[in-house]
Amino acid sequence: MKNIVLIGFMGVGKGTLARAMAGKTDIYAIDTDDLIESLTNKKIKKIFKKKGEAYFRALEQKTADWLAKNVQNSIISTGGGFYKVKNLKDIGTVVYLQADFDWIYDRITKSKNAKKKIKKRPLFKSYEDAKRLYESRVPEYEKAADVIVNVENKSTEELVEEVLEKVKASQSSS
Ligand code: S3P
């Protein structure tokens, strides 16, 4: 199987879904932010603060190159800006997890760990800033995707089934 690459805006649930898919399929789930943190031994927030966004994006590209070369048969969740890497399609079948901005905003700000979730995301500042970023990215996520799945108000179990089904259809038609 080709890798499955989950893309989408911060807080849409990429990591949660990747781990649920792993539990269901016995396929490993890995996360690009985790790979970057383990490579640098630094938290994403710290990397942004000390070295800036451009440096972080270069680390994402380095991670994309490593994944394309070394990783198969895996489910890969990504940071919200990872779709910008130049070889995204070489890594696997790209699934865009889509939701309205207000749904995502509520998911983050009304969660149990809201403070922690906001604090660890340097680009999720005010409602207005995050919404502007979201709106500028939506067309790019759509362009990058092989498969689009709307995640609003669906259980994780439902989403696991839907993503696997759509990926299977996409991989068998390509
Ligand atoms: C980012 C999203 C974050 C993380 C970094 C930058 C972005 O990941 O990679 O803070 O540019 O959207 P999540 O999508 O998991 O929050």
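Student: Why does the pair made by an oxygen atom of the ligand and an N or O atom in the side chain of D33 count as a polar contact?

Tutor: The two atoms are 2.9 Å apart, and a polar contact is a pair of N or O atoms within 3.5 Å, so the pair qualifies. The model is predicted: local features need pLDDT of at least 70, side-chain atom pairs need 80 or more, and totals for chains, interfaces and linings use all residues. Residues are numbered from 1 along each chain as its sequence is written, and side-chain values use heavy atoms, without hydrogens and water.

Student: What makes K14 and R137 qualify too?

Tutor: A polar side-chain atom lies 2.6 Å from a ligand oxygen in the case of K14 and 2.7 Å in that of R137. The protein covers 94% of the 380 Å² of accessible area that the ligand has on its own (Shrake-Rupley method, 1.4 Å probe).

Student: Which residues of the shell are the closest to the ligand?

Tutor: Of the 14 residues that surround the ligand, the closest are K14, R57, G80, R121 and R137; a residue counts if one of its heavy atoms lies within 4 Å. Helices α3 (44–51) and α4 (53–70) each supply at least two shell residues (helices are DSSP runs of H or I, at least four residues).

Student: Why is the pair of F9 and F101 called edge-to-face?

Tutor: The structure holds 10 aromatic pairs. In F9 and F101 the ring centres are 6.2 Å apart and the planes 65°; rings pair if their centres lie within 6.5 Å, and planes over 60 degrees apart count as edge-to-face, so both conditions are met. F9 is in the loop between β1 (3–7) and α1 (14–25), and F101 is in helix α6 (residues 101–109), 92 residues apart.

Terms used. A polar contact is a pair of N or O atoms within 3.5 Å; within protein, one must be able to donate a hydrogen and the other to accept it, and residues adjacent in sequence count only if both atoms are side-chain atoms. Rings of Phe, Tyr and Trp (its six-membered ring) pair if their centres lie within 6.5 Å; planes under 30 degrees apart count as stacked, over 60 as edge-to-face and the rest as tilted.
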